[in-house]
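Trainee: Hey, have you got a minute to walk me through this one? I'd like to start with the empty spaces inside.

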Amino acid sequence: MTTLATSASFSAPAGADIPARLDRLPWSRWHWRVVIALGIAWVLDGLEVTMVGSIGGVLERGDTLGLTAAQVGLAGSLYVAGAVTGALVFGRMTDRLGRKKLFMLTLAVYAAATFATAFSPTFAIFAVCRFFTGLGIGGEYAAINSAIDELVPARVRGRVNLAINGSFWLGAALGAGLALVVLDPRVFGPVWGWRVGFGLGALLALAIVLIRRHVPESPRWLAAHGRAAEAERILADIEAQVAREHGPLPPPAAHPSVGHRPSPSLRDVARVLLVHYRQRSAVALGLMLSQAFFYNAIFFTYALVLTRFHGVDASRVALYIFPFALGNVLGPLLLGPLFDSVGRRRMIALTYAGAGVGLALTGVAFMAGWLDALTQALAWSAVFFLASAAASSAYLTVSEVFPLEMRAIAIALFYAVGTGAGGFVAPWLFGALIETGSRGAVAIGYGIGAALVIAAGLAALRWGVDAERRTLEEIAPPMEGARRGA
């Protein structure tokens, strides 16, 4: 039977002090470079989702792809399905082959699929391209969250992780601005503009590939896979760069160590999730499922609500993305530090429950006809100021409460199950609700999303983990006994 060992169970082999040495580092230009190079994954995701959201109305035109509202929603669902598949496939590979190999591979998959989207002649081809674009993004989530958590000092892990996940909305703003420009009749116009937008997104991804080449492999992962000398070399180089900026480094504190441990089998992973950490697993699943339904329900059908119920011209939808994106960016940035000071459980409960109550009130106002296009966008902005921090904290929770050996596959599994259930159903469901033309039907969908996040927030308050300012190996000690290959 797999057991979880404390740090005392291990001797102190070469590289055993890697967690303590990484956690004691002062914030530096090196950390900024890593965060920017890796965090761009969420910018790209935001760009993709917003492009589809902003051009949803355009794609319904007969001179483009002639899609129905249900097909627009289905395309969003297929993107999510691809992301779920990518997370599962690439997540397992990330734990076995390394963080760096996979965050390079997944970005290449994304770039190729996005470029192909620009040449889609029919809905069928467009849908397939959206699936493969999601495949790359899903793989990014597992590889990037693992790498970031393992490279960022424990004392700021919460705020950094939330800020990076919140950068999705920088991509959303970029996607909205790009859609606004390329759809302008004076530039490319609706017929060709949506294709140009996807092509430019692919070029951005190719540029990021060049930047990521300089991000190192996680020393924690290397040490755990018997490559202590390589881990030591990389960490020594990081320390030298930081010391040149800040002077002599403080001595590392006493922390749980990391040593060579073979990759666990899938049976070992299941045992940890369903037996040793079943309470953590239940909380993580609730957080991921509820936020996925909440977000995808609103955002994949954002353009359809504005065009169908508020009479906004399809080429002007992108203008309404900016206030929405602003609220989503500011939420993690302003609330993120509180996740390290006030604590994980309290802040998760506050943001989840607050977002749920806000969406419920917005649904009532929408059903009563009290909102126009501008006030609808502003109401969503206020709701998602909290919801953005809440959703980001779900990814933070999953990435830090399970052992290093299975971190990426844990992220992938919870992302896949939560997003597969909440994210796949939500765009299709809301697309169908919007097709009815009934405000009441759409408001019922908002109510479902609100109830889910409120319940998840309360569960986190009761059963969540106080992970703030604690090293990863202290939160989830290394696995022992995982000696069989998958």
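**Cavities, a pocket and salt bridges**

Mentor: Sure. In the largest cavity, helix H12 gives the most to the lining, with five residues. Keep in mind that this is a predicted model.

Trainee: Okay, and what volume does the largest cavity have?

Mentor: About 350 Å³. The largest cavity is lined by 23 residues, and the ones nearest its centre are Asp45, Tyr141, Phe168, Tyr295 and Tyr395. Besides H12 (278-299), the elements giving two or more residues to this lining include H2, H3 (69-97), H5 (123-151) and H7 (168-182).

Trainee: How does that lining divide into nonpolar, polar and charged?

Mentor: You get 16 nonpolar residues, six polar and one charged.

Trainee: How many cavities of 30 Å³ or more are there in the whole structure?

Mentor: The search finds four. The second largest has a volume of about 100 Å³. Its lining includes Arg280, Arg344, Arg345 and Glu400. H12, helix H15 (344-368) and H16 each give two or more residues there.

Trainee: And which classes line the second largest cavity?

Mentor: Six nonpolar, two polar and four charged residues.

Trainee: Switching to pockets: what's the volume of the largest one?

Mentor: The largest pocket comes to about 390 Å³. It has 17 lining residues, with Trp32, Val35, Ala163, Ile164 and Ser167 closest to the centre.

Trainee: Which element supplies the largest share of that pocket's lining?

Mentor: H2 does, with six residues. Helix H6 (157-166) and helix H14 (321-341) also supply at least two each. By class, the pocket lining has 13 nonpolar residues, three polar and one charged.

Trainee: New topic. How many salt bridges does the structure hold?

Mentor: There are 22. Take Glu239 and Arg24, whose closest N and O atoms are 2.5 Å apart. Glu239 sits in helix H10 (residues 228-246) and Arg24 in the loop between H1 (18-23) and H2 (29-55), so the bridge ties together parts 215 residues apart in sequence.

Trainee: Are Glu239 and Arg24 buried or exposed?

Mentor: Both are buried.

Trainee: Got one between residues within a single helix?

Mentor: Try Asp268 and Arg271, which meet in a salt bridge at 3.7 Å, N to O. They're three residues apart in helix H11 (residues 266-276), so about one helical turn separates them. Asp268 is buried, with a relative accessible area of 0%, while Arg271 is partly exposed at 24%. Elsewhere, salt bridges with shared partners join Asp17, Arg21, Arg24, Glu232 and Glu239 into one network.

Trainee: What about Asp184 and Arg186, how far is it from N to O?

Mentor: That salt bridge is 2.9 Å, N to O. Asp184 has a relative accessible area of 19%, so it counts as buried, the limit being under 20%. Arg186 is exposed at 76%.

Trainee: Last one: where is Arg99 found?

Mentor: Arg99 is in helix H4 (residues 99-117). It's buried, with a relative accessible area of 0%.

Trainee: Which residues is Arg99 in contact with, leaving aside its neighbours within four places in sequence?

Mentor: Its contacts are Thr94, Ala143, Ser146, Ala147, Glu150, Glu217, Ser218, Trp221, Leu404, Arg407 and Ala408.

Trainee: Great, I'll go and find those in the viewer.

Methods:
Residues are numbered from 1 along each chain as its sequence is written. This is a predicted model: local features need pLDDT of at least 70, side-chain atom pairs count only at pLDDT 80 or more; totals for chains, interfaces and linings use all residues. Side-chain values use heavy atoms; hydrogens and water are left out. A salt bridge is a side-chain nitrogen of Lys or Arg within 4 Å of a carboxyl oxygen of Asp or Glu. Helices (H or I, at least four residues) and strands (E, at least two) are DSSP runs, numbered from the N terminus. Buried means under 20% relative accessible area, exposed over 50%, partly exposed in between (1.4 Å probe, protein chains only). On a 1 Å grid over the protein atoms alone, a cavity is a set of points where a 1.4 Å probe fits but cannot get out, and a pocket is an open set with protein on both sides within 12 Å along at least five of seven lines; lining residues have an atom within 4 Å of a point. Grid points are joined across faces, edges and corners, and a volume is the space filled by probe spheres set on the points. Ala, Val, Leu, Ile, Met, Phe, Trp, Tyr, Cys and Pro count as nonpolar, Asp, Glu, Lys and Arg as charged, and the others, Gly among them, as polar. Contact means heavy atoms within 4.5 Å.
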